[in-house]
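Student: I would like to take a close look at a single part of this model, the place where two chains meet. Could you go through it with me slowly?

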Amino acid sequence: MNMDNSIAMLLQDHDHALSFDLSSCLPKDLVIEILSLLPVKSLLRFCHVSDSWNFLIISSDDFVKKHLRRSATDPNHRHHHLLVEVKRNDFSGDVYCLSNSPQSLVDNPPPPSRSPSMILCDHPSIELPRGARIVGSCNGLICWVSNGNGSDNYVYCLNPSTGVECMSPAFRRGPLNSTMLGFGYDSVSDSYKIVLISKTMAGVYTLGSGAENWRKMEQSVPFLPMQCNQRDYGGRFVSGALNWLALRPDGTPVVVYVDIGDEIGGEFSLPSVIDKNSLYGSPSLWVLGGYLCFSYEIGNSEFVLWQMKEYGVAESWTMLLKLSHGDLRTVALSEYFPRPLFMFDNGEVLLRINKSGAFVLYNPREKSFKNINLQSNVIWYQASPHIESLVSPC
Amino acid sequence: MAKTPEPKRTISLKPCDGDVIEVSPMIAKQMQTIQSFIEDDSFIATTTIIPLPNVTAFQLSKIIDYLNYHSNSKAVADNVKESTKKFDEEFLKELEHDKLKELLHAANYLNVKEVLDFLCQAVADLIQDKSVKFVRKFFGVVNDYSVEEEEDIRRTHAWAFEGVEED
């Protein structure tokens with residue numbers, strides 16, 4: 001009978017499994033499933049389990065991608081961190097560290113005035129030479145640029161977990177703020193790319209390509225990106241494109257972008273209420289919850305954050321939150337310097353309010369916010385989302 | 001509580017070491033292996049008993065418990081988060097390492113995604129901070145490294161060996 005046959009076949013299929021010692025041996029796909037849920041730190045340790053595990057974890061492109069996908073879609077964002085710039089007393093260079101996951105910072109804010117270890121995860125710190133700057137972070141890779149004048153500048157790409165790093169060909173640049181950079185992943189060619197835009201050139205470098213020179217971009221951005229913040233000039237990578245703020249010839253601020261796949265530039269408008277005056281309110285672009293966001297301040301008294309619901313569609317700009325300084329009474333006004341850092345799946349936004357550890361968690365649906373104090377000797381100059389991964393930059 | 005009111009509509013499952021266990025079609029549906037039987041034209045719910053020679057009564061009832069609890073709690077959404085967490089913790093507490101692995105095998109055989117995902121995460125949580133030695137033993141992996149190779153790898157990722165739990 002049909003039924004008996006299928007049972008027999010099913011049993012036969014699993015016959016070989018029965019002959020194993022069930023307690024000690026799990027099928028390979030289950031082992032892979034389990035490993036893909038682990039943090040990078042555990043995986044680097046478990047490379048040590050055996051040669052085949054080492055091969056699976058480090059050398060298998062499929063596993064590295066599966067692990068990244070898993071980490072990126074984890075509802076609790078356990079493998080996300082904030083890349084925090086930490087002050088060092090001897091001015092010898094910049095130190096960046098990874099914080100605990102944003103969720104754990106919010107759920108269990110450590111008591112004030114404790115050591116940085118309460119906030120930072122146990123991950124080696126990222127020491128960059130003096131004047132070096134972070135360009136961006138994508139899929140576990142941190143892109144940074146050395147600080148020099150003339151032709152001997154390089155862009156580096158580092159996986160801070162595995163310690164693997166590679167560098168771009170040299171490029172020439174003038175003062176820091178006249179060269180804009182961006183870093184992102186091209187899913188079509190499955191490669192990571194660095195984009196460089198200055199008055200004199202627009203170039204692309206594909207990591208791991210072995211090319212000796214920057215490739216000239218066929219069609220660059222229509223207007224040169226502007227630097228809004230001294231510490232911050234990397235393009236925001238979202239929806240396969242790098243985005244910067246720029247000015248149209250008539251002085252209106254716009255978004256200029258480079259599609260990382262076809263390497264073609266373009267522009268689109270900011271929310272229609274934005275005009276030349278908005279430029280005085282520290283306009284900035286962010287990526288929150290996978291959306292391009294834009295923030296600025298009105299008359300030094302209100303902080304406004306917009307979200308682009310559909311990438312590239314100017315009509316889809318939606319105001320996400322508006323915080324007045326008065327709302328944030330607990331914070332000294334002079335220190336007020338809001339920066340949106342992370343958006344959770346429920347829409348809540350974590351904002352840094354000042355450099356010394358004042359944060360708020362804003363709930364746009366209820367228009368409510370919660371103060372979070374993460375005081376420590378970590379100076380939050382700059383903090384941006386980072387996801388840990390095993391991706392190799394080479 | 002999970003028994004459906006119409007006894008005719010239940011599916012009879014026979015574990016390898018115990019009596020037949022009746023489950024509702026809703027629960028059976030989540031077990032892909034069972035589902036493929038049910039979808040067969042010759043399947044008659046009232047008379048067919050599906051034998052499960054790879055699954056013990058203990059494992060089967062654990063899986064059914066989990067599915068019952070979670071399908072009932074889904075409807076109430078957010079406010080049951082705490083009690084669900086508590087149920088999950090209690091569920092795992094009763095399982096020693098070997099039992100956990102055996103249950104994973106059973107869930108894999110029955111191909112029940114919700115339980116598989118939960119158990120994979122449970123194993124990941126268990127081993128996350130454990131030593132290499134513990135993991136070798138847990139997964140039954142033989143160390144095929146030479147001493148030199150082992151030291152070499154250890155040096156490369158020294159930070160990953162800090163803060164490891166005692167076995």
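How many residues does the contact take from chain B and how many from chain A?

Tutor: A word on the ground rules comes before the counting. This is a predicted model, in which local features need pLDDT of at least 70 and side-chain atom pairs count only at pLDDT 80 or more, while totals for chains, interfaces and linings use all residues. Residues are numbered from 1 along each chain as its sequence is written, chains are lettered from A and ligands numbered from 1 in the order in which they are written, and side-chain values use heavy atoms, with hydrogens and water left out.

Where the chains meet, the contact (heavy atoms within 4.5 Å) takes 47 residues from chain B and 40 residues from chain A. The size of an interface is often given as the accessible area lost when the parts come together. Expressed as buried area (the accessible area, with a 1.4 Å probe, that two parts lose on being put together, summed over both), chain B and chain A bury about 4000 Å² between them, and 69% of that is on carbon and sulfur atoms. Of the area that chain B buries against chain A, 18% is supplied by B:His105, B:Phe139 and B:Trp159, which is more than any other three residues supply.

The next matter is how polar atoms take part. Between chain B and chain A there are 0 salt bridges, a salt bridge being a side-chain nitrogen of Lys or Arg within 4 Å of a carboxyl oxygen of Asp or Glu. There are, however, 13 residue pairs in polar contact between chain B and chain A, counting pairs with both residues at pLDDT 80 or more. A polar contact is a pair of N or O atoms within 3.5 Å; within protein, one must be able to donate a hydrogen and the other to accept it, and residues adjacent in sequence count only if both atoms are side-chain atoms.

On the side of chain B that touches chain A, at least two residues each come from α2 (32-38), α5 (97-110), α6 (113-127), α7 (132-139) and α8 (147-156) of chain B; helices are DSSP runs (H or I, at least four residues) and strands likewise (E, at least two), numbered from the N terminus. The residues of this side divide into 23 nonpolar, 12 polar and 12 charged, where Ala, Val, Leu, Ile, Met, Phe, Trp, Tyr, Cys and Pro count as nonpolar, Asp, Glu, Lys and Arg as charged, and the others, Gly among them, as polar.

One residue of helix α2 of chain B is B:Gln35. B:Gln35 counts as buried because its relative accessibility is 13%, and buried means under 20% relative accessible area, exposed over 50%, and partly exposed in between (1.4 Å probe, protein chains only). Leaving aside its neighbours within four places in sequence, B:Gln35 is in contact with B:Ala28 and B:Lys29.

As for the partner, chain A has 6 helices and 26 strands, and of its 394 residues 53% count as buried. Although no salt bridge joins chain B to chain A, the count over all chains comes to 17. One of them pairs A:Glu33 with A:Arg70, whose closest N and O atoms are 2.1 Å apart. A:Glu33 lies in helix α2 (residues 28-35) of chain A and A:Arg70 in helix α5 of chain A, so this pair ties together parts that are 37 residues apart in sequence. A:Glu33 is buried, at 18%, whereas A:Arg70, at 26%, counts as partly exposed.
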